[in-house]
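Please work through the exercises below with the sequence and the model open beside you. Each task is followed by a solution that proceeds step by step.

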Amino acid sequence: MTAVSASATPVPDPLGCASLAADLDAADLRSAPLRRLWGEEADDALARGMREPILRAIEGDDGTLATLGRFFVLGMPQPRRSVEEALPRLGVDGLTALGLATASDTVVTPTALLRPQSFVDADGVGEWWIASDLDEVALGTALPADHVLGVGGASRTLAEIVVPIEVERALDLGTGCGIQALLVSRRAGRVVATDISSRALAYAELNARLNGIGNIEFRLGSMFEPVAGEAFDLIVSNPPFVITPRTEGVPEYEYRDGGLIGDALVEQFVRTAPAYLTAGGTAQLLGNWESRDGVKGLARLDAWVPGDLDLWVVEREELSPLAYAELWIRDGGTTPRDAEFTPLLTAWLDDFAARGVTAIGFGYVLIRRGDAPALRRSEHIGQPVSGVGEALGRGLVAHDLLGSGIPATLVTASDVTEARHLLPGNDDPSVIELRQGGGFGRTVNVDPALAAFVGACDGELTVGQIAAALADLFDVPLADLWADLEPRIRALLIDGFLAAE
């Protein structure tokens, strides 16, 4: 299926954006009122690509919120008179001047979606209006090649994993609609947002103005070219990392395809980003990496980052070439019932076979220009629970503390529970597990000595006192006990089971 080009580019006029924001605020176009208007079930159905439940729920409702819901949330044309009444400050002429609609004497047709997007971060709960291109449901066709995506699953994932630190300068590389730049702007003095797509930058700037954010600068260009010679305390990126065959007839979507072969774009980012970090600066991104010719993707990724830098990689899932190809072909709007599906699948599988690819990993990468010794972790963890950014941040803090040895006193994290499994008729547990309720939701098997150590960490007794008491309890030399416990206590600190008092 050949992707067409999107038609309109937003015009982020300050006065127009201010008027639109005032109208949206007066109409209460926000997540909670919309869910009350058409119901939670209908709202959830929209996330699965079905708008009919919403249309049925608000059938016959010509109120302001229903009109704007159809127009901005669903991307449906509305009577001009209704839109004029719903946007009294901006008006239809102002809406078209912003590049968000076209209009005739009787009908106004949206050229973009504009949806409320709630968020939760370390500073609290909030909500923004986010404009983006019309989606497949609104278009009724495959996505255009220069489609600017709204807030999707990958955007929410990156937002969840960014370490919540206060910084002077931050970079959002490949900003798209600008959601990451908006989020980072809450904890940064200045943010630079870049993208290779001028349409994406127009949306990002419009969204910043619409939400009253003034500390973001927008620059056009590929990868790190727009910030040559600069350094940042934080770099975040949801780059166009999708692996796409460079074959004629295979659509290339700007929002997901970086134009390079295989996982070369992720490799380029990982190799280049450290040069743009300040001392102590952190870079975080989402990405794909290939396992090739018997070399695991995580091992290849580790080799791209110099050993004196901190590297923490979490592989959330690993797909076969077939599963990966099907995922992204469907993402572009082509299904197995379409004639184009089989040629696209063939192109993807041939591309993987040519490079000896046996699996494709997806996950998060954190690189930090920290102090020696460097933290190097590559692990496979499924879907996290919550607060991943905070968990990564605590892990980095713990690693830095451990450079001076294990702290004198420790406390057990409040979300940690213990589970003991016993065979019938046996009083001694055969398995003892420590479980996290948040973060990565880790489960760690421990022996009685380590379980007892963690249980005694209440901030009152010192680590040395606990270890000495356990040596007496288990009747083993203290030196032997400590040699066994010490590396595992270090791991529990980085994993967030224990914390310094």
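**Exercise 1: a proline and its peptide bond**

Pro373 is found in the loop between β12 and β13, where helices (H or I, at least four residues) and strands (E, at least two) are DSSP runs, numbered from the N terminus. The model is a predicted one, in which local features need pLDDT of at least 70 and side-chain atom pairs count only at pLDDT 80 or more, while totals for chains, interfaces and linings use all residues. Residues are numbered from 1 along each chain as its sequence is written, and side-chain values use heavy atoms, with hydrogens and water left out.

Task: determine whether the peptide bond from Ala372 to Pro373 is cis or trans.

Solution: The omega angle of the bond from Ala372 to Pro373 is near -5°, and the bond is therefore classed as cis. Most peptide bonds are trans, and most residues other than glycine have a negative phi.

**Exercise 2: the eight-stranded sheet**

Task: establish the strand order of the open sheet of eight strands, and explain why β8 and β13 each have one side without a neighbour.

Solution: Begin with the pairing, for which two strands count as paired if DSSP finds at least two bridges between them. The order that results is β8-β7-β6-β9-β10-β12-β11-β13, and the pairing is mixed. β8 (216–220) and β13 (376–380) stand at the edges with a single partner strand each, so one side of each has no neighbour in the sheet. Between neighbouring strands of this sheet the average turn is 20°, direction ignored.

Next, take the edge at β8, which pairs with β7 (residues 188–195) in the parallel sense over five bridges. Within this pairing, Phe218 of β8 is the bridge partner of Ala193.

Finally, add the helices, taking contact to mean heavy atoms within 4.5 Å and axes to be lines fitted to C-alpha atoms, for helices over the stretch in contact, with angles from 0 to 180 degrees between N-to-C directions. Helix α11 (residues 198–210) lies across β7 and β8, at about 170° to β8. Helix α9 (residues 153–161) lies across β9 (232–237), β10 (277–292), β11 (310–319) and β12 (357–368), and runs at about 140° to β10.

**Exercise 3: the buried side of α14 and a cavity**

Task: identify which residues of α14 are buried, and which elements give two or more residues to the lining of the largest cavity.

Solution: Buried means under 20% relative accessible area, exposed over 50%, and partly exposed in between (1.4 Å probe, protein chains only). In helix α14 (residues 321–331), the buried residues are Pro321, Tyr324, Ala325, Trp328 and Ile329. These residues lie on the same side of α14, because they cover an arc of only 125° around the axis, the arc being that of the directions from the helix axis to the C-beta atoms. Their cover includes β10, β11, α15 (341–354) and β12. Just after α14, Gly333 takes a positive phi of about 100°.

For the second part, a cavity is a set of points, on a 1 Å grid over the protein atoms alone, where a 1.4 Å probe fits but cannot get out, and lining residues have an atom within 4 Å of a point. The whole structure holds three cavities of 30 Å³ or more. The volume of the largest is about 70 Å³, a volume being the space filled by probe spheres set on the points, which are joined across faces, edges and corners. Its lining residues include Tyr253, Arg256, Trp328, Ile329, Leu344 and Trp348. The elements that give two or more residues to this lining are α14 and α15.

**Exercise 4: the two sides of α3**

Task: which residues of α3 are buried, and which exposed residues are on the face turned away from them?

Solution: The buried residues of α3 (residues 40–47) are Ala42, Asp43, Ala45 and Leu46. Seen down the axis, they fall within an arc of 160°, so they line one face of the helix. This buried set packs against α2 (31–38), α4 (52–57), α5 (64–73) and β4 (112–121). Glu40, Glu41 and Ala47 are the exposed residues on the face turned away from the buried side.

**Exercise 5: positive phi outside glycine**

Task: find out whether Asp28 and Met223 are buried or partly exposed.

Solution: Asp28, in the loop between α1 (14–27) and α2, has a positive phi near 60°. Its relative accessible area is 34%, so Asp28 is partly exposed. Met223 is placed in the loop between β8 and β9, and its phi is positive, near 50°. With a relative accessible area of 14%, Met223 is buried.

How values were computed:
On a 1 Å grid over the protein atoms alone, a cavity is a set of points where a 1.4 Å probe fits but cannot get out, and a pocket is an open set with protein on both sides within 12 Å along at least five of seven lines; lining residues have an atom within 4 Å of a point.
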